[in-house]
Amino acid sequence: MKKNLKSLALGASLMMALAACSQAAGSGNAGDVKKAFEGRFPGKPVKAVTATPVKGIYEVVVDNKQVVYTNADASYLFVGDLIDAVKKESLTEKKMAELNKVDFKSLPFEYALKEVRGKGERKLAVFSDPDCPFCKKLEREGLKNLDNVTIYTFLYPLSQLHPDAMRKSKQIWCSPDKVAAWSGFMRDGKPLTGPDNCDTPLEKIQQLGEKLGITGTPGLIFANGQLVPGAIDGDDIEKLLNAK
């Protein structure tokens, strides 16, 4: 929960103002709040409304997995973290983790590069871009010493950031040994020399990534469904691999 004191103070004052206003507006229920919110913000379809521990304040999940907070008649809106100061945890972060949870077993593993280390009992999926420096950092550091794991790598080139990443992804997929081509390029800096004109699942992977809300690389998905962005270190990956 990386918040500075200024933002926390601002968030607290906003929540106090909302609570005061909500008392004046009267109480509501989830259905009333949903109707009021969608009436005031017609371009934001509501997926769910839940009362928060703060009296008169409601958590609203809109269709793009965004979490916002409002009072009963949606006359005030707060965007930011709702923090449990006693437990010292962000309720917003907790909700976002729940919203971003993935059904791991439903992933189309036939579209992934499959690397088995040791018995391969633990499972990890990674959405990765061959031209992403953070993806290379993950390969060379975070994933380096993992054992007893099966790593499924989904080639996920971000063409707007890395114009040549799509071509390289095709070269990797078209290689006789896809895993060797990937690991050689990402971990050892070996150039890619193969063709880029075979049939690939890259378009389907792009659609999958967008559906899952993966907007950057690397994106790690663990067997318990937790989606974690970024090149996290090996110790954190170990903990998440062993988490239930």
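## The four-stranded sheet

In this predicted model, strand S1 (46-51) is joined by five bridges to strand S2 (residues 58-62), and the two run antiparallel. Within this pairing, Val49 has Val60 of S2 opposite to it. The two strands belong to an open sheet of four strands, whose order is S1-S2-S3-S4 and whose pairing is antiparallel. Strand S1 and strand S4 (77-78) occupy the edges, where each has a single partner strand, so that one side of each is left without a neighbour in the sheet.

## Helices on the four-stranded sheet

Helix H2 (residues 30-40) packs on this sheet and touches S1, S2, strand S3 (67-70) and S4, while its direction makes about 130 degrees with that of S1. Helix H3 (residues 91-99) also packs on the sheet, where it touches S2 and S3, and its direction makes about 135 degrees with that of S3.

One residue of H3 can be followed in detail, namely Lys95, which lies in that helix. Is Lys95 buried or exposed? With a relative accessibility of 15%, Lys95 counts as buried, because buried means under 20% relative accessible area. If neighbours within four places in sequence are left aside, Lys95 is in contact with Glu59, Val61 and Val67. Of these contact partners, Glu59 and Val61 fall within strand S2 (residues 58-62), and Val67 falls within strand S3 (67-70).

## The five-stranded sheet

A further open sheet consists of five strands in the order S7-S9-S8-S10-S11, and its pairing is mixed. Its edge strands are strand S7 (113-117) and S11, each of which pairs on one side only. On average, neighbouring strands of this sheet are turned by 20 degrees against each other, when direction is ignored.

Strand S10 (residues 219-222) has both faces covered, since Gly219 and Ile221 on one side and Leu220 and Phe222 on the other are all buried. This arrangement can be read against a general feature of strands: in a regular strand the side chains alternate between the two faces of the sheet. Strand S8 (residues 122-128) pairs with S10 in the antiparallel sense over four bridges, and Ala125 has Ile221 in S10 as its bridge partner. Strand S11 (residues 227-229) is joined to S10 by three bridges, and these two strands likewise run antiparallel. Here Ile221 stands opposite Leu227 in S11, and Gly219 stands opposite Pro229 in S11. Ile221 thus appears in both pairings of S10, with Ala125 as its bridge partner and with Leu227 opposite in S11. The connection from S10 to S11 is a hairpin with four residues between the strands, and Gly225 in the turn has a positive phi of about 95 degrees.

## Tyr152 in strand S9

Tyr152 has its place in strand S9 (residues 149-155), and at 10% relative accessibility Tyr152 counts as buried, because the cut-off for a buried residue is under 20% relative accessible area. Which residues does Tyr152 touch, not counting residues up to four places away in sequence? They are Phe104, Phe109, Ala112, Leu113, Lys114, Lys123, Leu124, Ala125 and Val126. Among them, Leu113 and Lys114 fall within strand S7 (113-117), and Lys123, Leu124, Ala125 and Val126 fall within strand S8 (residues 122-128). The contact with Ala112 spans a considerable stretch of chain, for Tyr152 and Ala112 are 40 residues apart in sequence and 5.5 Å apart in space, C-alpha to C-alpha.

## Helix H6 and its two partners

Helix H4 (residues 133-142) and helix H6 (residues 178-188) pack at an angle of about 100 degrees, and their axes are 8 Å apart. H4 and H6 are therefore roughly perpendicular to each other, because angles of 65 to 115 degrees count as such. In this contact, Cys135, Lys136, Glu139 and Arg140 of H4 meet Trp182, Phe185, Met186 and Arg187 of H6. By class, the contact of H4 with H6 has four nonpolar, four charged and no polar residues.

Helix H5 (residues 165-174) packs against H6 at an angle of about 135 degrees, with the axes 7 Å apart, and H5 and H6 are therefore oblique to each other. The contact is made by Lys168, Ile172 and Trp173 of H5 together with Lys178, Ala181, Trp182 and Phe185 of H6. The residues of the contact of H5 with H6 divide into five nonpolar, two charged and no polar. Trp182 and Phe185 of H6 take part in the contact with H4 and also in the contact with H5.

Key:
Residues numbered from 1 in each chain as written. Predicted model: local features only at pLDDT ≥ 70, side-chain atom pairs only at ≥ 80, totals over all residues. Heavy atoms only, no water. Axes fitted to C-alpha atoms, helices over the stretch in contact; angles between N-to-C directions. Parallel < 35°, antiparallel > 145°, perpendicular 65-115°, else oblique. Contact = heavy atoms within 4.5 Å. Nonpolar A, V, L, I, M, F, W, Y, C, P; charged D, E, K, R; others polar. Pairing = 2+ DSSP bridges. Buried < 20%, exposed > 50% of the residue type's maximum accessible area, 1.4 Å probe, protein only.
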